[in-house]
Amino acid sequence: MTWSKTRIDQLGIRLRASSVTPEDLELLDEYRLEFSNACIQVTNVLEQHFVRVTARSAKSTRSIAEKLQRESIRFSQMQDVAGCRVIVDGAGSQDDAVQLIPKLLEVRSVVDRRMDPSAGYRAVHLVVVKESRLVEVQIRTLLQDRWAGISETLAYMLDPKIKYGGGSTLITAMLGRYSRLVAKVEELDQPLERRSAKQGVDTEAAGLRSALLAQIETLEKALLNQRGKSEDERQP
């Protein structure tokens, strides 16, 4: 099928208005499949250089519609219909990945959400071009990925708006606090040559990291337990 920008954008208009037909959903599935081979090739390249690379599932119909409603973009301009994720140990390794990937793949754009987090979400996103398709590469540290997992679980369990800074003010405040702690730990974790460090700061970083991980693990266990109970209750 030939996918002109006009055809894609018209489908996006219907998705934004939540007025899709079964035929539109079939078209959307076909359009998403257009990105599959490019995404596989990008993932294969990254797996040769990074230990933890995961293919991100194709953006759901709901996620596409919500993004079109939130942002003033056309569907043909959406850069994250397909993507994959690279998880690295810390901020130094993240910087290295951001420098390396443009040497491996054609990079169209870079969005750094570390200095300007989106609703507490911190990561670096690179949009690469493969077979004339755009594929988003998310580069997260282990701590950033754990934070994102908690945010997504809360959004699934309580309110989808949580993922974008909405929902309960209590939840938003908690996620904001954890996000700032992640940033603090990773600032202290940076190799000495990448920051102006004072003596003893490594000990502070280790203690702060340990405390943060303990809090995150406790919260993850509580969420996992609660999610399991909720799903059991939904079953007939």
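Which residues touch the most other members of the largest nonpolar core? The legends below take up this point and then turn to the sheet and the helices of this predicted model.

**View 1. The largest nonpolar core of the predicted model contains 34 residues.** Within this core, V42, L46, F50, F75, I101, V137 and I139 touch the most other members. At least two core residues come from each of the helices α1 (5-16), α2 (22-33), α3 (36-47), α4 (61-70) and α5 (91-104), and likewise from each of the strands β2 (83-88), β4 (124-130) and β5 (133-141). The greatest contribution is that of α3, which gives five residues. In soluble globular proteins, nonpolar side chains tend to be buried together.

**View 2. F50 and its contacts are shown in close-up.** Leaving aside residues up to four places away in sequence, F50 touches V86, V88, A97, L100 and I101. Of these residues, V86 and V88 are buried on one side of β2, and A97 and I101 are among the buried residues of α5.

**View 3. A second core, separate from the largest one, comprises 18 residues.** Its members include Y121, L154, I162 and V182.

**View 4. Five strands form an open sheet with mixed pairing.** The strands follow the order β1-β2-β5-β4-β3. The edges are occupied by β1 (52-56) and β3 (106-112); each has a single partner strand, so one side of each is left without a neighbour in the sheet. From one strand to the next, the twist averages 20 degrees.

**View 5. In the sheet, β2 pairs with β1 and with β5.** The strands β1 and β2 run antiparallel and are joined by five bridges. Here A55 stands opposite C84 of β2, while R52 stands opposite I87 of β2. The pairing of β2 with β5 is parallel and extends over six bridges. One of the residues involved is G83, whose bridge partner in β5 is E136.

**View 6. Both faces of β2 are covered.** G83, R85 and I87 are buried on one side, and C84, V86 and V88 are buried on the other. The strand is thus described as mostly covered, with six of its six residues buried. In a regular strand the side chains alternate between the two faces of the sheet.

**View 7. The helix α5 packs on the sheet.** Its contacts are with β2, β3, β4 and β5, and the direction of α5 makes about 160 degrees with that of β5. The 14 residues of α5 reach 20 Å from the first C-alpha to the last, close to the 20 Å expected at 1.5 Å a residue. Buried residues in this helix are A91, G92, Q94, A97, V98 and I101.

**View 8. The helix α1 has buried residues and, on its other side, exposed ones.** This helix has 12 residues and spans 16 Å from its first C-alpha to its last, close to the 16 Å expected at 1.5 Å a residue. I8, D9, L11, G12 and L15 are buried in α1. These residues cover an arc of only 155 degrees around the axis, which puts them on the same side of α1. On the other side of the helix, T6 and I13 are exposed. The buried residues of α1 pack against α2 and α4. After α1 comes S18, whose phi is positive, near 55 degrees.

How values were computed: Residues numbered from 1 in each chain as written. Predicted model: local features only at pLDDT ≥ 70, side-chain atom pairs only at ≥ 80, totals over all residues. Heavy atoms only, no water. Core = buried A, V, L, I, M, F, W, Y, C linked by side-chain atoms within 4.5 Å. Buried < 20%, exposed > 50% of the residue type's maximum accessible area, 1.4 Å probe, protein only. Helix = DSSP H or I, 4+ residues; strand = E, 2+ residues; numbered from the N terminus. Contact = heavy atoms within 4.5 Å. Pairing = 2+ DSSP bridges. Axes fitted to C-alpha atoms, helices over the stretch in contact; angles between N-to-C directions. Expected span 1.5 Å × (residues − 1). Arc of directions from axis to C-beta.
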